[in-house]
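Q: Could you take a close look at one part of this model for me? I'd like to know what it packs against and how it sits with its neighbours.

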There are 4 protein chains.
Amino acid sequence: MKIEAHHIQGHNARMMERHREDFGFLQHQLGRRGLDAAELAGQVAGLQVAIPSWALGAGGTRFGRFSIGGEPGSLEQKIEDVGLLHALTGSAGAISLHIPWDIPADAAAVKAQASALGLRFDAVNSNTFQDQRGQALSYKFGSLCHADSAVREQAVEHNLEVIRIGQALGSKSITVWLADGASFPGQHNMRRALQRTLDSLQHIYSQLPGDWKMYIEYKPCEPSFYSMVIPDWGTSCLLASECGDRAYSLVDLGHHLPNTNIEQAVATLMMRGKLGGFHFNDSKYGDDDLTVGCIKPYQLFLIFNELVYGMNNNTAGNPPPAWMIDASHNVKDPLEDLIQSLEAVRLAYAQALLVDAAALEEAQENNDPARAQEILQDAFRTDLRPLLGEARLLSGAALNPLGLYRSLGVRNRLIGERGRATVATGL
Amino acid sequence: MKIEAHHIQGHNARMMERHREDFGFLQHQLGRRGLDAAELAGQVAGLQVAIPSWALGAGGTRFGRFSIGGEPGSLEQKIEDVGLLHALTGSAGAISLHIPWDIPADAAAVKAQASALGLRFDAVNSNTFQDQRGQALSYKFGSLCHADSAVREQAVEHNLEVIRIGQALGSKSITVWLADGASFPGQHNMRRALQRTLDSLQHIYSQLPGDWKMYIEYKPCEPSFYSMVIPDWGTSCLLASECGDRAYSLVDLGHHLPNTNIEQAVATLMMRGKLGGFHFNDSKYGDDDLTVGCIKPYQLFLIFNELVYGMNNNTAGNPPPAWMIDASHNVKDPLEDLIQSLEAVRLAYAQALLVDAAALEEAQENNDPARAQEILQDAFRTDLRPLLGEARLLSGAALNPLGLYRSLGVRNRLIGERGRATVATGL
Amino acid sequence: MKIEAHHIQGHNARMMERHREDFGFLQHQLGRRGLDAAELAGQVAGLQVAIPSWALGAGGTRFGRFSIGGEPGSLEQKIEDVGLLHALTGSAGAISLHIPWDIPADAAAVKAQASALGLRFDAVNSNTFQDQRGQALSYKFGSLCHADSAVREQAVEHNLEVIRIGQALGSKSITVWLADGASFPGQHNMRRALQRTLDSLQHIYSQLPGDWKMYIEYKPCEPSFYSMVIPDWGTSCLLASECGDRAYSLVDLGHHLPNTNIEQAVATLMMRGKLGGFHFNDSKYGDDDLTVGCIKPYQLFLIFNELVYGMNNNTAGNPPPAWMIDASHNVKDPLEDLIQSLEAVRLAYAQALLVDAAALEEAQENNDPARAQEILQDAFRTDLRPLLGEARLLSGAALNPLGLYRSLGVRNRLIGERGRATVATGL
Amino acid sequence: MKIEAHHIQGHNARMMERHREDFGFLQHQLGRRGLDAAELAGQVAGLQVAIPSWALGAGGTRFGRFSIGGEPGSLEQKIEDVGLLHALTGSAGAISLHIPWDIPADAAAVKAQASALGLRFDAVNSNTFQDQRGQALSYKFGSLCHADSAVREQAVEHNLEVIRIGQALGSKSITVWLADGASFPGQHNMRRALQRTLDSLQHIYSQLPGDWKMYIEYKPCEPSFYSMVIPDWGTSCLLASECGDRAYSLVDLGHHLPNTNIEQAVATLMMRGKLGGFHFNDSKYGDDDLTVGCIKPYQLFLIFNELVYGMNNNTAGNPPPAWMIDASHNVKDPLEDLIQSLEAVRLAYAQALLVDAAALEEAQENNDPARAQEILQDAFRTDLRPLLGEARLLSGAALNPLGLYRSLGVRNRLIGERGRATVATGL
């Protein structure tokens, strides 16, 4: 199905009076601080977040999977779903594909379909953590780090193919996430495994088109349970540095040990010019892949605070980071979950834009942590939802995307169109 | 020093116009949801939080301590400081003493001083984790759990003395926090240590005045680094149950293993009628004793959500929990830190009051987690600071307590009065 | 395939001389401490550990699964595999079934097959964390805790069926592990969910045969990522207490928050007479389900130290705990992994038997942690592998089970018999 | 007091027969694997571990401190204590000083005293985490990272003074551990804080004598509870790299987030030639500073396995790491604790020497994790205490250092000499 302009317009018309009231007061409130709410709304409207193609169906855990119905069964249907999200929210203007799950049969047609929906193709993702039917060699014991050079070559070649597919669609970057690692002490010679991974990445990098970037993801555990070959930002940054200028670290919010100060890693990476992008999600225990902002919204704000600061103080020439969601959906309708995630990302961004940077710097230089806290909390505690509404209005999207999604009965229509038993590729 | 009524009035007068504007809009906003902001402000104004006497001076870590100057050097000065906090915020109407740091020379005079400042004495705290000068037997190897019955008896007697001191001041409860535990495997027979602790607690309980409550705190580590005798809510609840009806668990937010779902423990304790009270603070790593709400404000809201639900659905006859702050202050002025903590506690309470309980129950019964999340986040994202301001106005307190504290130069005045070198008792 | 007596005898004959040498020296060494190695070997030989039927095939993670080949495709083949383990190790004298994966078509025949291999049926396990084909109602939103009473009834009825199946096979206990929980704040009313779970468990318990036990497992997270209905030993113990005398807690070593002192929970449960049994495995991060003892062998020893103490000081009438392995196998041959796990369990048990209980108690009563550590480490550092060999000899098992398994080419034979593509039921 | 040769000889004579028996069997056992126990004993005897001067008195927590009596009250007494440890164990041939706690009045005399006891001076440690009496500017808000350049300069100058003191004593390295960090979000501009720290370190490095090394320690939390300026190995390695060739990372086993794979960080640092040294201790929760090997002895072995591998495969020219203990002692006699720590370090080293490197590499290259585990566990499970005894014999030290320490009544003699009330400087 497709969200039509009249759906949005009717919905917005019904909510406009209240929105005007709320936004008007916010404008007044921010005006008192010398801030221009309309300008901020414009900035927020510019934030586009890529939707991962694998998050459009019901996610699973190792204990099971419960289908939602109406899941997209093809790449075209996935693009359709992202188009729907973009129409509702005005913030999902890109899609991130996963190969081999999303190999386009007709790249030009797929590109045209996306373009018509206002979507571009963000980073493409390779998959060497599963074996595909007909694959010559298994990744059971790793891919880019594998002891056997033939497996490493197969994995490198897969990444090169992913790049070729991405080129056909207009992508400009590849994200490499590796499940490579050891589940038992002694399984790996950890130094050799890291060296081989570096060699393989350098091989891929050497074939990277001149206008492409490579993002190297890190993760401390799962699916390997003793050591992952790229466990932390330090290792990822080291690999990226040794690959070259267009290789960067990618931060997935769920890929950290308990209590990690993620915003600090973000600050350090930006200081080195090595922050490539983000996989947004939230978690309480591990890589839980929950809706963005549903557990630790203040941490998300603090991360955006570093991002906004880093972009405004870009001393190391860090390129604009790639924003992607990476969440999996066990009990919610995945599209509803993505709408909530998109809202949370923009809210944190808007809050960070509100931070009085000059006052904060003054408090910091004066060793005044109580004042610094007031400044941050003032931004975080301000209710900026009207600003997000205004940003959506600017893009022709819905004032209440989730409300409209439900009132239109989108899920039921998708089930009607696609059936109850479709299963989207993904975890 | 003392905050005078004219200080408050002058301050409030200057801020009143803006407050009226903000509160007026909030009233309108909440009115649209069928909520009466003025009534909510009254409820919030009723929430009084006890200030721990040991949080009024600079806190330390094992690596050092940096004095702040003007610290209260006597019980009377501590009460003065709490009076000051209460005058500014209208929310600090109680003080929680720590024995032997705060033994009153003249209980009646101290009681009168507190009363004149609008303060009552909340739970008294015993201390068997340090040796005091002249103490006959050492607590190096434990107190209520000690292998030597003479040490246990000394510790029991200390607790009984704490109760007598509390009685003289009008307290109605004692909080028992034990550092007892083992730092090395094998140091303790863990079962014997627990049994002895139970015996000692039962002995104390048997002497508890009829209108008193006993709160049993738990903590998984520090200062014992292998096993604490009361490591978790389960053990604390078990001990409280075996002591009797007026023994309860006390939850300190910093006393949990990484990733613990604290609000769930709160819910379970209330369901059993065994939640005695709280020590509020915040933390990122362990028992960091940071300002309430400065790291995980959403978790604090979720905890209050359980508390509000629990008090409205009090099927097990849980008494109203005791609210206390337990934070230590390394780099902030402790009074500023407490003002921020008090604000954070009330903010979370107000947010919880805003939760649409009927809608939430409906979402829960319909297995609609996306909707449930919307309901919770709606309450949390609403900017309720004007409500807190209104609540303070109702109590004759300041619209901006921290601002007034700073503009009056309170810390400098205290330094002037008390000197720079005073050291308050505490950690 | 089947391990024949002559396989064992030939293997043992080849290794006997070295074993005699090693065991002889150990006997001498232990003799100097007044210990009788032969008697200890007999005690160790008595420790039988149940093999879970779901651990015989390759385990998976949510990211993928790599088959091993020759996996058991039927209940009969699973029993055959456990028989093989038992023949090799003499320590796997029981099997723990998982319903509906292991419903016997002909219970009497299955029982006879097991009996011929020296196996009995340990606890049966229910499964309400997945939907089975043809199931009327879904467990997507929980089972025993579900908001809808019809789902709860279905889940209760499933548990009752599991009991009936177990009865037919001679089992005497059921293990209930629930995936029930919430992945998002607000999804559950945590108190109602716990109350419903209690009601359901009481219903099951009321139908429990008089000579049966019920084991209630706990877990803090996964597959629910915000709150599990039974997150910790405290909740499990509370539920067991409210069900009745024959309901117990079951401890899975991987089901704890980071840094939990598991041996302390074990000690407390035994002190209350509420320790039902164990799921052995090991982990570094979460519920990693690695080979027993491969990450934290000293913790395993400390747990066994509490178990041995608890069984020798059984003041609360705790029944002998049920020993089960619960590990999943991603990169090892599952049978090899189980052989290693069985060895690790017995090694920890033997080490715990070596602890000088009287000296330890003396050190504890004298507050001598350095001495207590020496006593524990002395037991742990002694090389007791010859004792385990001797215990296997006593049972007619192999001196080097893993060596014999490999030299017989068991996996290749199983692949030959069953094919490469069989997939055992499991995670 | 001083341990005399006749003390050792008498003790060893009494234990010699049993030792010969045990070592003889071990020789035989290892001989069967083609290993020469005598040669291994020689290697182990070569491992010398530096004792930190601050670990010789009773350690404290923020909750209190319990004196042990007989604590060394001067630098000379500290050296005397280390001499005593070295005489007993033959493994404590160095001392690591902490400035300003250990400024020698007469460097030559102190050097002579140490030399006479067979001790050399290992890394000197600077202290900018506390304010010293008479210090011009406070480190309350940091030292090398401080916003105020005057504080940074003072801290740099302190480090330079520490180097000068170390030079006078023959040290060849300085360890920089910083408490610098923020306890509250917003307190620091994390990028500026890191940049300033780098600038300060580079300043110190520029003055480093040509034959000196600089070790940069890292720690994720405590005493700062939101962000430490150098939280992890990645940041430390980055700083060391930007300082120069003779700057290295230093790994303290307690300075990691929960579940960190420390041995992997060690492997990566050695691969980069950037592992400077170790602070050995053990912990269950945080920086618990417990006796080495008392909680996770297998992890310690895995770390030594990487160290032995790294030294044998030193492709990046990593210098021999500096071995130091950094433990604090709450409930044990600190000298007994150090004896136990020294034993644990050497035991792990000996176990790592036993690993069959060729077989392990073969297992790794063949993707045989079960076999790799067997190889590691075989080394770990072998009882190598007789080897350690033999190594001590080679150095003229005691077969049972702790036994001799106790039988000589060393602590009581120290109390007799120094009194009960002395307090050693330290935490």
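The part I mean is helix H13, residues 385-394. Which helices does H13 pack against, and at what angles? And how do the chains meet each other?

A: Sure. Keep in mind that this is a predicted model. Let's start with H13 in chain B, then look at its helix partners in chains C and D, and finish with the chain contacts.

In chain B, H13 is mostly covered, with eight of its ten residues buried. Those are B:Arg385, B:Pro386, B:Leu387, B:Leu388, B:Gly389, B:Glu390, B:Ala391 and B:Arg392. What they pack against comes from two chains: helix H12 (369-381) of chain A, plus helices H1 (5-32), H2 (37-45), H3 (75-89) and H10 (334-354) of chain B. Just past the end of H13(B), B:Gly396 has a positive phi of about 75°.

Now for the geometry. Two packed helices are described by the angle between their axes and the distance between the axes. In chain C, take H1 (residues 5-32) against H13 (residues 385-394): the angle is about 130° and the axes are 9 Å apart. The two helices are therefore oblique to each other, and their crossing is left-handed. On the H1(C) side, the contact uses C:Asn12, C:His19, C:Asp22, C:Phe23 and C:Leu26, while H13(C) brings C:Pro386, C:Leu387, C:Gly389, C:Glu390 and C:Leu393. Sorted by class, that contact has five nonpolar, three polar and two charged residues.

For H2, let's switch to chain D. There, H2 (residues 37-45) and H13 (residues 385-394) pack at about 65°, with axes 8 Å apart. That angle makes H2(D) and H13(D) roughly perpendicular to each other, and this crossing is right-handed. H2(D) puts in D:Ala37, D:Leu40, D:Ala41, D:Gly42, D:Val44 and D:Ala45, which meet D:Leu387, D:Leu388, D:Glu390, D:Ala391 and D:Leu394 of H13(D). The class split here is nine nonpolar, one polar and one charged.

Remember that H12 of chain A turned up next to the buried residues of H13(B). H12(A) also has a part in another contact, the one between chains A and D, where 39 residues of chain A touch 39 residues of chain D. On the chain A side, two or more residues each come from H6 (190-206), H7 (233-243), H8 (262-271), H11 (357-365) and H12. H12(A) gives the largest share, five residues. By class, that side of chain A has 19 nonpolar, 16 polar and four charged residues.

Chains C and B also meet, with 39 residues of chain C in contact with 39 residues of chain B. On the chain C side, H6 (190-206), H7 (233-243), H8 (262-271), H11 (357-365) and H12 (369-381) each supply at least two residues. H12(C) leads with five, and the classes come to 19 nonpolar, 16 polar and four charged.

How are C and B related? A 180° rotation with 0.0 Å of shift along its axis superposes chain C on chain B, at an RMSD of 0.0 Å. The two copies are thus related as by a two-fold rotation axis. In chain C, the C-alpha nearest that axis belongs to C:Gly234, 2.1 Å away from it. And since 100% of the interface residues of chain C are also interface residues in chain B, the copies meet through the same surface.

Methods. Residues are numbered from 1 along each chain as its sequence is written. Chains are lettered from A and ligands numbered from 1 in the order in which they are written. This is a predicted model: local features need pLDDT of at least 70, side-chain atom pairs count only at pLDDT 80 or more; totals for chains, interfaces and linings use all residues. Axes are lines fitted to C-alpha atoms, for helices over the stretch in contact, and angles run from 0 to 180 degrees between N-to-C directions. Helices (H or I, at least four residues) and strands (E, at least two) are DSSP runs, numbered from the N terminus. Angles under 35 degrees count as roughly parallel, over 145 as roughly antiparallel, 65 to 115 as roughly perpendicular and the rest as oblique. A crossing is left-handed if the near helix is turned anticlockwise from the far one by less than a right angle, and right-handed if clockwise. Two residues are in contact if their C-beta atoms, placed from the backbone, lie within 7 Å. Ala, Val, Leu, Ile, Met, Phe, Trp, Tyr, Cys and Pro count as nonpolar, Asp, Glu, Lys and Arg as charged, and the others, Gly among them, as polar. Copies are superposed by least squares on the C-alpha atoms of residues with pLDDT of at least 70 in both. A residue is buried if 20 or more other C-beta atoms lie within 10 Å of its own, exposed if 12 or fewer, and partly exposed in between; C-beta atoms are placed from the backbone.
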